[in-house]
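Welcome! Here is a short briefing on how the chains of this model meet and what lies in its core.

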Amino acid sequence: MKRQLALLDFAMGSLRRRAGKSLALVAGLAFVVGLFGSALLLTDALKREYERGTEAMPDLTVQRLVAGRPSLIDAAAADALRDIPTVREVRPRVWGYFFFRAIEANVTIVGVDAARIDGDPGLATGRLPRAAGEVAIGTALGELLGLRVGDELGLPVDGEMTFSRVVGTFGAGSALRSADLVIATPAHARTLLGVPEGAATDLAIDLTTADEAPVVSARIAERLEGARVLDKRLLRRTYELTFDTRGGLLAALLVPALAAFLLLAWERLTGLGAAERQEIGVLKAVGWGTADVLAARIWESAAIAVSGAVLGLVAAYLYVFWAGAPGLANALLGWSAIQPPMELAPSLDPVQAFAILGAVVVPFVAVSVVPAWRAAMIDPDRAMRGAS
Amino acid sequence: MSADGGEARDDAADAPAIAAEGLRKRYVDGSRRIDAVADVTLTVPRGQLWVLRGPSGSGKTTLLGMLGGMLVPSRGSVALMGDDVTHLRDHHRTEVRRHRVGFVFQELSLVSRMSVRENVLLPLVPLGGATKAHERRAEALLERFGIGDRADSPVESLSGGQRQRAALARGLVLDPPLVLLDEPTAHLDTDNALEVVALLAELRDDGRTVIAATHDPRLADDARVDRVIRMRDGRVEEA
Amino acid sequence: MSRRFVPGRRARWALVGAGAPFALVAFVLIDAARLTAARAGRSASVARVTETPDLALSSSARWLRHPSQSEAGAAFSDLPASLDVDPAGALLGPPREVLEAGAPEAVEIRSAR
């Protein structure tokens, strides 16, 4: 213990003596960890956000395919499915996208039966629509169009302006999910989207036993000609795949930066300078063992690696969750016209944090110890004569 | 002059300081084999000042390294104070070197960008750092060698002679019974060189065994030297 | 450089300094928990209303759009003449089952001979 403290003390002195090199390594490490950490934290948080969303999905979604494309489904088809065992509820849904010329963006119009929603619907002001002609709208939409509760929003339907009164707005806190939303009653949504009476966008099915999904899917396919049945778990897997791929691509874009840093670090660490080699020779000559030289070296590079990695992690965290990842988010999200603030809920837990740190610190320390070990194992004579 | 470091003295009192037998150090350089030291047998009694004299490349430094347990000989054996150190493992050889041998090597002088005091206390780091007694001893050594006022200066600010004396202080901080020096008077003007020679004689008078490798006649021809060993091409030519 | 060498002083600094990374990591973890508590709940409430995992980012980023809205066979499913901007779409397929869903059970072949 006392020996390690003394070696630690020496290592801190070495860091100070090589302040320029030490700081450069800390900064480089922080930069690389910051880059990778940002990509990781951002994709992970988005993924987690979608996971939370998939929880709200019905167990099965039934669509009708016509000519290989999703098409409107007969709402009455729901009646044909209600008696399948383990089916708890079948709901014809009306929802879709609507292009707003004024803001040059798609909004999502969703027909919601307010009676079905128990608990907080996440509105900032007002309530959910209960009658035809009422809507609740998302923040971005409200801000862009200057709409508040009580105002009316006119949308062209069949060449005529159809007005809807705004009865509720979603807050900035849920903007990531609600920014482009227009919630209406199912009947009103039908009007706004031009879905004919008796038709639905899809059928939402809740099961008493989620595990029965494949069996129920098969039964539905038998009963409904041209039905495409989507399992919640399959959709979730699709999201996961998508995000892993996206995150991986983003990380791949950063690989050159990583490679450059590793190369630099390798060069700096393995190309042990003549001065350092000679220093190791001195230490051996004054009675230091190989283990002592290595221990001092480990302290030294661990201090660098831990500082760099932690600074990088903190920078990545602040960048993604406090600043909303400007720049990186754009690369990930494309050309969206409505860009709500990236107020993601971090999915960072201690295990993940220490995994990131460990993945940086351990190899870094290992790489930096190798040359010192080689220098310390060499016949001290070589080290001794290195300069002569 | 020391209260500590007594553990180095608890060996067979009659054994010679160094008993080297048939020492050889062979380097392989590509296809060439070079014997830096070939078949050297030496017995150095305690409390004497010896000089290894020879031109550069004659194997003095290599021999010194093997005598102090820093280099492993290709063949032969070395016993320090009666204990064979040739076949010790690295760890144990380090122990022996630490407590019995003080090295003052020209090429392995001081660590730059460090103060003189830190340099002198460097051997104590693997032992858990310097105690107050060690610090006092280091101060006393620096004082004795006339650089007590430079203790906190960075080594870069020292003259060649001062550096040599600081290195000597470091070699003595653990109070070793055996002191090995490589070219202790190199790059020194005559005043400084003679001062170093006087210091070596003093160390011998303290009861230490001192061996210096040099080609400097100011040291080799000094009357206080007990014996001069001449070396050429890795072999001892005799005094 | 003219400091008095006090053994272990820098080591004590280092040990005290070692607390700093832990404090920083702890800060990040605590703040993450705070933000998650503040943000996740509201978002989940909205999801319960819409019953879709779509984020408001989906309108343009097709890869973020509700996967039930895909046209598996369409070459330009974003817009007419659009290229697939996401190379991953070409390299990695969706789970087979998603494509299989809705496909007829079997195809019968009658040979002319």
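Two residues are in contact if their C-beta atoms, placed from the backbone, lie within 7 Å. This is a predicted model, in which local features need pLDDT of at least 70 and side-chain atom pairs count only at pLDDT 80 or more, while totals for chains, interfaces and linings use all residues. Residues are numbered from 1 along each chain as its sequence is written, and chains are lettered from A and ligands numbered from 1 in the order in which they are written.

**The core**
- The largest nonpolar core (buried Ala, Val, Leu, Ile, Met, Phe, Trp, Tyr and Cys residues joined through C-beta atoms within 7 Å; buried means 20 or more other C-beta atoms within 10 Å of a residue's own) has 196 residues.
- Helix 10 (residues 290-322) of chain A gives the largest share of this core, 18 residues; helices here are DSSP runs of H or I, at least four residues, numbered from the N terminus.
- Among the residues with the most contacts inside the core are A:Leu29 and A:Ala309.
- Beyond its neighbours within four places in sequence, A:Leu29 is in contact with A:Ala305, A:Gly308, A:Ala309, A:Gly312, A:Val360 and A:Phe364.

**Chain A with chain C**
- Here 80 residues from chain A meet 49 residues from chain C.
- On the chain A side, helix 8 (residues 232-270) gives the most, with 10 residues.

**Chain B with chain A**
- In this contact, 25 residues of chain B touch 26 residues of chain A.
- Helix 2 of chain B brings the largest share of the chain B side, 5 residues.

How values were computed. Helices (H or I, at least four residues) and strands (E, at least two) are DSSP runs, numbered from the N terminus. A residue is buried if 20 or more other C-beta atoms lie within 10 Å of its own, exposed if 12 or fewer, and partly exposed in between; C-beta atoms are placed from the backbone.
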